[in-house]
Amino acid sequence: MNFTKLAPVLMVVALLLTGCIMPADSAPVEPDAGKWQTWVVTDLVEMRPPAPPDQAATQAEIAELKTLAAQRDAAAREQVAYWDAGSPSYRWIEIALAQFKSKPFPPLRTSRGMSLMNVAIYDAMVAAWDAKYTYQRSRPSLVDPTLTTLVVNPHSPAYPAEHAVAAGAAAAVLGYLYPDDAQTFQAKAEEAAYSRVLAGVQYPSDVEAGLALGRQVALLVLERAKADGSDAQWDGVVPSEPGHWTGEKPVEPLGGTWQPWVLASGDELRPPPPFAYDSPEKAAEVQEMKTFTRTWQTNQKALTNQTFEGIFTGWYDNAHLRIFEYHLDTNPPQAARIYAMMSVTHYDAQIACWDAKYAYWVPRPFQSDPTLVTLFPTPNHPSYPAAHGCASGAIAATLAYFFPAEAESIQARADEAGMSRLWAGIHFRSDIETGLALGRAVAQKVIEHDQENSQ
């Protein structure tokens, strides 16, 4: 037997069995993602990190990784497992939502914050993919198959580290939104990035470059955020004419003037005027609410959709589920794209909603008829259109675009979220229907933007 000829074959088989090289049918992850359209990055070449270390430095890093591999304990394994769950975006969305829930902003500002973070992660991921496939640095255990890894090697080049890129971007944005907690987020970013070194799938220099790239992209996002109009102070007055919303300290009356991501302005898709307060149509809507019989089921759904989980977490959980079901958790750029478009659409729809609310100042049901009893206190802003309709219609249409086979169930959830406001007694039917239509119209604009820029 000619062992000289057989040896290379046996080596390839051994490497395949140990997962140290990709089988022939393992396609690289989105090799063209570095050419995708970005939101704030205008020059990917300028953003590209310097070339990775040379061969001698790489060997020194592999020696460091081997030393770490020999010292892995239960805590290290737990750290790796936590950050390896889902795409690099996944844990940061969980962290952001937990932060917004524990230290709440008004919903419009929460949707702004989620869009800033997800845009930063997405643009940083595109920039990372540009660098990955420019430099084509092999994963450590592909260079030295004796290095053991705690997770399967991703099917993409190593440099820069995608988890570090997401961490650097997300932590910088969250630190801007919550400056008192900035150091906590930075520590989490370091932990997330270092977990890939502990896992043996990234070099220390991959992580350093990834963190720096994520932070660099975040600076561009934050530059935009500081000029988006969200810090303007309202010096107006609540209208006093009959048929208008009445109250004090309305929530975010200038929200419709903030800078959207895709819409030209908040009033671009402004819906037509609502029913007049003294019209037969409005009287019929009041009567519908007065005769509606609440049930345990309608109360439960109305209360659920009133919570933070109903407004935000539930929709992101829906996106997580679809991403996992379609195995996109191993496709960091595509997962980041879905989250970014979802949050951009949500935010632009809320800006459009707030523009209409304060253009028309429509009274809430209890202001139209004081005998109406609501299930819970009414939010302190005008009635038309319904914000739940705007947000749910927008998010659902975006998710349906990415997951058309699931569109029916996703859209049904949006319809239920909208109608839950009538069941609670805080919105008229026309508020809800207009809100859902407005949210879906905004989503269509964002989808068209995505399609135009992906051609």
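Which residues does N118 touch, not counting residues up to four places away in sequence? The legend to Figure 2 gives the reply, after an overview of the predicted model.

**Figure 1. Overview of the predicted model.** The protein holds 18 helices and 0 strands. Its C-alpha trace spans about 95 × 45 × 45 Å along the principal axes. Of the 455 residues in the protein, 55% are buried. Among contacts with a separation of 6 or more, 83% are between residues 24 or more positions apart.

**Figure 2. Surroundings of N118 in helix α6.** With residues up to four places away in sequence left out, N118 touches I93, Y316, Y339, A340 and S343. The relative accessible area of N118 is 1%. Since buried means under 20%, N118 is therefore counted as buried. Helix α6 covers residues 107–135, and N118 is found in this helix.

**Figure 3. Surroundings of A164 in helix α8.** Helix α8 runs over residues 162–177 and includes A164. A164 is buried, and its relative accessible area is 1%. Apart from residues up to four places away in sequence, A164 touches A193, V207, G210 and L211. Another residue for this view is R196, which is 32 residues from A164 in sequence. From C-alpha to C-alpha, A164 and R196 are 8.3 Å apart in space.

**Figure 4. Helix α11 and what covers its buried residues.** Helix α11 consists of 12 residues, 280–291. From the first C-alpha to the last, α11 reaches 16 Å, close to the 16 Å expected at 1.5 Å a residue. The buried residues in α11 are K282, E285, V286 and M289. Seen down the axis of α11, these buried residues fall within an arc of 100°, so they line one face of the helix. An α-helix has 3.6 residues a turn, so residues three or four places apart point the same way. The cover over the buried residues of α11 includes α15 (365–368), α17 (407–423) and α18 (429–453).

**Figure 5. The largest cavity and its lining.** Rolling a probe the size of a water molecule over the atoms shows where empty space is left. The structure holds 1 cavity of 30 Å³ or more. The largest cavity contains about 40 Å³ of space. Its lining is made up of G310, I311, W315, H388, A391 and S392. The elements giving two or more residues to this lining are α13 (308–325) and α16 (387–402). By type, the lining residues divide into 3 nonpolar, 3 polar and no charged.

**Figure 6. Two cis peptide bonds, at P160 and at P385.** The peptide bond from Y159 to P160 is cis, and its omega is near -5°. P160 is found in the loop that lies between α7 (140–143) and α8. A cis peptide bond also joins Y384 and P385, with omega about -5°. The loop that holds P385 is between α15 and α16.

**Figure 7. Positive phi at Q136 and at E252.** Q136 is not a glycine, although its phi is positive, at about 55°. This residue is found in the loop between α6 (107–135) and α7. Q136 is partly exposed, with a relative accessible area of 48%. E252 is likewise a residue other than glycine, and its phi is near 50°, a positive value. The loop between α10 (204–225) and α11 contains E252. Is E252 buried or exposed? With a relative accessible area of 14%, E252 is buried.

**Figure 8. D278, in the loop between α10 and α11.** D278 is exposed, with a relative accessible area of 57%. The loop in which D278 is found also holds E252, shown in the preceding view. How many residues apart along the chain are D278 and E30? They are 248 residues apart along the chain, and their C-alpha atoms are separated by 57 Å.

Terms used
Residues numbered from 1 in each chain as written. Predicted model: local features only at pLDDT ≥ 70, side-chain atom pairs only at ≥ 80, totals over all residues. Heavy atoms only, no water. Helix = DSSP H or I, 4+ residues; strand = E, 2+ residues; numbered from the N terminus. Buried < 20%, exposed > 50% of the residue type's maximum accessible area, 1.4 Å probe, protein only. Contact = heavy atoms within 4.5 Å. Expected span 1.5 Å × (residues − 1). Arc of directions from axis to C-beta. 1 Å grid on protein atoms, 1.4 Å probe; cavity = no way out; pocket = protein on both sides within 12 Å on 5 of 7 lines; lining within 4 Å. Points joined across faces, edges and corners; volume = space filled by probe spheres on them. Nonpolar A, V, L, I, M, F, W, Y, C, P; charged D, E, K, R; others polar.
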